[in-house]
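Let's take a friendly walk through this structure, looking at how its chains meet and how one of them is divided up.

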Amino acid sequence: MDKLSKESKEYLIKREINEYEVVIGLEVHAQVLSESKLFSSSPTKFGSEPNTQVSLVDAAFPGMLPVINEFCIKQAIKTGIGLKAKINKKSVFDRKNYFYADLPQGYQISQYKNPIVGEGSVILDMPTGEKKVNIERLHLEQDAGKSIHDIDPQSTLVDLNRSGVALMEIVSRPDLRSLDEVNFYIKKLRSIMRYLGTCDGNMQEGSLRADVNVSVRKKGTKELGTRCEIKNVNSIKFMQMAIDYEANRQVDIIEKGGVIDQETRLFDTKKNETRSMRTKEDAHDYRYFPDPDLLPLELNDVFINDIKKTIPELPDEKKKRFIEKFKLSSYEANILVSDIETSKYFEEVSKNSDVKLATNWITGELFALLNEKNLEIIDSPISSNNLAKLISLIKNGTISGKLAKSIFEMMADGDKDPNKIVEEKGLKQQSDPKELEKIIDKVILENPQNVKSYKSGKDKLFGFFVGQVMKRSGGKANPQLVNEILKKKLN
Amino acid sequence: MSNITDLKLFDLVEKIKKKDLSSKEVTEAFIQRSQKSKKLNTYITENFEDALKNAKKFDDKPDFNKKLPGIPLAVKDLFCTNNIRTTAGSKILENFIPTYESTVTQNILNEGGIIIGKLNCDEFAMGSSNETSYFGNVQNPISENLVPGGSSGGSSSSLAAKLTPATIGTDTGGSIRQPASFTGTVGLKPTYGSCSRYGIVAFASSLDQAGPMTQDVKDCALLFQVMSSYDNKDSTSVEFNRGNYLKDLNDNIKGKKIGIPKQYRVDGMPKEIDELWDKGIKIIESNGGEIVEISLPNTNYALPAYYIVAPAEASSNLARYDGVKYGFRSKGINLIDMYEKTRSEGFGDEVKRRIMIGTYVLSSGYYDAYYLKAQKVRRLIKNDFDEAYKKVDAILTPSTPSSAFKIGEKTNDPVSMYLNDIFTVPINLAGLPAISIPAGHDNKGYPLGLQIIGKAFNEQNILNIAYSIEKNINFKNNINDWWIN
Amino acid sequence: MTIDLKTVKHISKLSRISIDDNKAKKLSDDLNSIFKFIEKLNELDTKEIEPLTSIAETNLKLRKDEIKSKNIREDILKNSPEDNKDFFVVPKVVE
C-alpha cells in the first residue's frame with residue numbers, strides 16, 4: 001500500500017487481486033460551552049482538583065433528580081443551525097443503561113430515538129474540490145466521569161468532575177473516504193462550532209473526541225461492509241492512525257476468507273493498534289427508554305427563531321463574501337476563514353489598510369511568526385491594529401516592503417507601534433524626488449565608466465546603480481522612485 | 001401521658017398553639033410510647049435524642065404561626081433526611097447518611113415539624129406487606145402477626161398504634177392507600193407532580209408520589225398542605241395554585257357526581273367489601289351527591305401494565321446502587337465481580353426479582369412487546385379516566401380487594417401479592433389523586449377502606465367527599481395495645 | 001413465552017446481579033408466573049395507540065445556566081465504601 005493512495009481522494013487498499021475502499025463515519029462528541037452542567041448546576045471548568053465540581057446530582061445520590069440547562073439546549077440548536085440541519089420541535093431524553101465505574105447513575109441521559117437536531121450537512125473544501133458530508137443527527141447527552149488507572153497499582157480511581165457535563169454527539173453518515181477527509185471534516189466541524197461559540201474544540205482538553213466507524217468493501221461494490229467502532233479517539237492524528245490500522249486489519253481478515261465481527265474497539269496509541277473491548281461486550285444491551293425524571297423537550301418557533309437571529313456569519317458564507325468582496329482566491333479565503341479568530345484578525349487588518357497586503361502579510365509573515373512561537377492568532381504578539389498600521393506605511397510609500405519585514409520583527413517584541421519604530425529609528429522611506437535626484441546624480445557622476453557601458457547596451461548594470469543609490473540612502477530610498485528617476489537619467 | 005398520644009394532629013397543633021401543651025411534652029409522649037412498642041418493629045432508625053433537643057429548642061423560641069409547631073413526626077425511611085440514616089429498607093443503604101434533605105421533609109421542618117425517626121418499609125418500597133424489608137417484618141397493631149400493608153407498613157403501623165400523630169409515605173402502586181386501609185387510617189396519594197420527589201429514594205419515577213397518612217381527613221388536609229409545593233429541583237413538579245386544603249375543607253357535597261365503576265366488582269371479593277361500598281354510596285346519596293354508574297373498561301389491564309412499567313423504571317433507578325459511591329460493597333476480584341456480588345448480597349429477593357423483570361422488558365427484542373405495549377395500555381387507562389370525568393367529579397371504589405392478611409401468607413406467591421394493588425394501581429398509572437379512608441370491618445374485625453379518586457390537582461374535592469363520608473360512617477379502630485410492654 | 005435458565009443468566013449479567021444455580025431455578029419459575037400474568041396485555045389491540053411516557057401535566061422546565069453548587073467533595077466522598085479523600089476507589093479496571 002502506498003502512502004499516496006490513502007491521502008488522495010479515495011483511500012484504497014490494494015492487495016494482490018482485490019482493491020478495497022475504506023468507508024468512514026464519525027460520531028463526534030463535542031463538549032458544549034456552558035458555565036454549568038447539563039442537568040446540574042455544578043461548574044464545567046477543566047483541570048480542577050478531582051471531585052471538586054461534583055454535586056449530589058452528578059454523583060447520583062439517592063433521590064437526586066436532573067433539571068435541564070436551557071443554555072445547553074440553545075447551544076445544541078445553534079450548532080444544528082450551523083450544520084444546516086433540521087431542528088426537531090419535540091425531542092426526548094432517554095436513559096442508556098450500562099454499568100461503569102465512572103457512570104454514577106448506572107445510565108447516561110442521552111437522546112436515542114428523538115434527537116434535538118435531525119439531518120444536516122457540512123461542506124469540506126478539499127484540494128480536489130468541494131465534498132459534502134451528510135449529518136445524520138445531533139443529540140445532547142451527559143459526559144461520564146474519568147477513571148484513572150495509573151495512580152494506584154491496586155485500584156482504579158474515579159474523578160466525577162466531568163460527570164454530567166453537556167456533550168453534543170454529532171453523527172455523520174458513512175460518507176468519508178480518506179484520512180484527509182477525516183482531517184478536513186473534523187477541522188470544519190470545529191471551525192463551525194468555534195464560530196458559533198458552542199464548543200471550544202480543544203482536543204487536548206477532550207472537548208472534542210470521536211468514535212470512529214470503519215468498514216471496508218471491495219471497490220465497486222455498493223453494499224457497506226460490517227463496521228467496527230473505535231471508541232473515544234481524541235486527536236485527528238490518532239483517528240487517522242486508528243483508521244489506517246483498522247482498515248488494514250479488516251482487509252487482512254477478508255483476504256483470508258474471514259468475516260468481520262461488528263464490535264467496539266479501542267485504539268492503543270502506544271502500540272498503534274486497535275483491539276476488542278471485551279469488558280463492554282457482554283453488557284452491550286443498553287435498554288434505552290425515555291427518562292421518567294424528565295419530560296419531552298418541546299420547542300416553539302419563537303424560541304428557535306430567537307436563536308436563529310443570533311447566528312453569526314459562518315465560514316462558508318464568509319468565504320463567499322471574501323471572494324466576492326475582496327477578490328480573494330478560493331485558496332486564500334479558505335485559509336482566512338477556517339478559524340474564526342483568523343477571520344476576525346483579517347477583517348480588522350484589512351478594514352484599515354489594504355486587502356491584498358493584509359492577506360499576504362497574515363498568511364505569510366504572521367503565520368510564520370505564530371508557527372515559530374507556537375501561538376494561536378488570538379495570542380498574536382502583533383495586534384491587528386498595529387499590523388494594519390504597518391501595511392498602511394507600506395501602502396503610502398513611507399517604508400519599503402523590505403524594510404517593513406525588519407520593522408515587523410521589531411513589532412513582535414511587545415506589540416510595538418510601527419509608526420513609532422519608523423520615527424525613532426529614522427526609517428522613513430526617502431520618497432522626495434528632489435532628494436533622490438541628488439543622490440542619483442552623484443552616483444552617475446562617480447561612475448562614468450559604468451554609465452558608458454550601460455548606455456552601450458549592458459542593461460544588467462541597471463541593478464548596480466539601484467544598489468548604489470540604496471546604499472547611499474541607507475536603504476531608505478523608495479525603490480520605485482529610484483527606478484523611475486534612474487531610467488530617465490540614464491536613457 | 002397516654003392521652004397526649006390519643007390526640008389527633010390537628011388537636012395537638014391547637015393545644016401547642018394555646019400553650020396547653022409544650023412541644024417537649026408531646027414529643028416525649030410519642031417517644032415513650034414508641035419505646036414501649038418495639039414489638040411492632042416500626043422504626044428502622046430512631047432519632048429520639050435529637051428530636052427532644054429540637055422540641056426544647058422550639059419551646060425556647062416558639063413560633064405559633066407554623067403549621068406544625070413543634071409537632072413530632074416519624075417518617076417513612078424512603079425520604080432522605082440530613083444527617084439521619086436513610087436505608088429505604090435495604091441492606092445496600094444500611095449505613096447511608098445523607099447530607100441533604102428531601103423537599104417534602106424540608107417542608108415539614110420549615111413548618112416546625114420535628115422528625116423523631118425513620119419508619120420501616122418494604123425494600124425500596126417494593127412490596128405490599130412490609131415483608132421485603134431488610135429490617136424485618138412490621139406488625140399490624142390491629143392483631144398479632146397481621147401485616148400492616150406495604151410498602152409504607154412502618155408508617156401505617158406507627159400511625160395506627162399512635163407512635164406518631166401523623167406520618168408520610170410514598171405511593172407507587174398503592175403503598176399509602178393499601179396500608180392505610182389495612183390499619184384503619186387515612187392515606188392520600190396526591191396527583192403526580194403535587195409533592196416534590198426530590199430527595200425521595202426513587203422506585204418508579206413516573207409513578208412515585210409522596211403523601212400524608214393520618215388519623216382522619218382533617219389531619220390529612222393539614223399535613224398535605226404542608227407537604228405539597230412546587231419545586232424547581234424536580235422536573236416533574238407541577239406549578240399550580242395549591243389552595244388552602246384545610247381552610248377549604250367542608251362536607252358539603254350537594255350536587256357532586258360520584259362515579260361507581262362496574263369493573264371494580266371483582267370475583268372473590270369478601271361480601272363485607274361490597275356492603276361497605278354500598279354503605280358509602282348511600283352516605284353520598286343522603287348527603288346530596290349523585291351516584292353515576294361509569295365504566296373503566298381497561299381496569300383489568302392496569303396491574304399487568306404496572307408490573308412492566310414499574311420494574312422497568314426501577315431496574316434503571318436502582319443501577320446507582322453499585323457499591324462505588326455509597327452504601328454496601330462486597331469485595332470483588334475485579335469491578336464487574338464487585339458489582340455482581342454487591343448487588344446480589346445488597347438487594348433482597350423481591351427487589352432482585354423486579355430488577356430482573358425490568359431489565360428483561362427493556363432488553364433488546366422485548367422492548368416493543370412489553371415496555372412499549374405497557375405505555376400504550378397506560379394511555380388507554382388514562383383515557384378511561386378522562387372519559388369518566390366528563391360525567392363525574394370523583395369516583396368511589398373499595399381501596400383493596402381484601403383486608404390485611406397474615407405475615408407469611410403470600411410471600412411465596414408474588415402474583416397473589418401483586419393482586420393486592422388491583423384497585424390502587426390504575427390511579428398511579430393515570431397520575432390521579434386518591435384517598436383511602438377507613439369505612440368498616442370485615443368478619444374478622446380487620447379494617448377496610450374506601451377509595452375516592454379525583455381529577456388531577458383536585459385534591460380538595462376528594463378531601464371534601466372523604467370528610468363527608470367520614471362524618472357519617474362512624475368508623476372506630478379496635479386496637480387494644482397488645483404489643484405494649 | 002418462557003424464561004429459561006439461560007435467559008435468567010443473561011438478565012442477571014445485564015443487571016449485574018450474580019445468581020447461583022439454585023436461585024436461578026426458583027427465579028425462573030417466579031418470572032414465568034409473573035410473565036404469564038403480564039401476557040394478559042396481549043388481549044388488547046394497541047396498534048393505533050400513542051404510548052404514554054410522561055404523566056406530569058406540565059412542560060419540561062428549563063434551568064438557567066448558573067453555577068450554584070459549591071465544592072462539596074467531603075460530603076460526596078463521606079459515604080464511599082473505601083477511604084480516600086480525593087477519589088472514589090474501585091477494584092482495578094483493566095481495559
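## A word on handedness

A crossing of two helices is called right-handed if the near helix is turned clockwise from the far one by less than a right angle, and left-handed if it is turned anticlockwise. Please keep in mind that this is a predicted model.

## Where chains B and C cross

Start with helix 12 of chain B, residues 349–362, and helix 2 of chain C, residues 21–38: their axes come within 11 Å and cross at roughly 60°. That angle makes helix 12 of chain B oblique to helix 2 of chain C. The crossing of these two helices is right-handed.

Which residues make the contact? From helix 12 of chain B come B:Arg353, B:Met356 and B:Ile357, while helix 2 of chain C brings C:Leu27, C:Asp30, C:Leu31 and C:Ile34. Sorted by character, the residues of this contact are five nonpolar and two charged, with no polar ones.

## Where chains B and A touch

Turning to the other contact, chain B gives 32 residues and chain A gives 24 residues. On the chain B side, helix 10 (302–317), helix 11 (335–346) and helix 12 each supply at least two residues. The largest share, three residues, comes from helix 10 of chain B.

What is the make-up of the side of chain B that touches chain A? Its residues divide into 14 nonpolar, eleven polar and seven charged.

## The domains of chain A

Chain A is split into domain 1 (3–308), domain 2 (315–425) and domain 3 (433–490). Taken over C-alpha atoms, the centres of domain 1 and domain 3 of chain A are 67 Å apart.

Definitions and conventions:
Residues are numbered from 1 along each chain as its sequence is written. Chains are lettered from A and ligands numbered from 1 in the order in which they are written. This is a predicted model: local features need pLDDT of at least 70, side-chain atom pairs count only at pLDDT 80 or more; totals for chains, interfaces and linings use all residues. Axes are lines fitted to C-alpha atoms, for helices over the stretch in contact, and angles run from 0 to 180 degrees between N-to-C directions. Helices (H or I, at least four residues) and strands (E, at least two) are DSSP runs, numbered from the N terminus. Angles under 35 degrees count as roughly parallel, over 145 as roughly antiparallel, 65 to 115 as roughly perpendicular and the rest as oblique. Two residues are in contact if their C-beta atoms, placed from the backbone, lie within 7 Å. Ala, Val, Leu, Ile, Met, Phe, Trp, Tyr, Cys and Pro count as nonpolar, Asp, Glu, Lys and Arg as charged, and the others, Gly among them, as polar. Domain bounds come from an automatic or database domain assignment.
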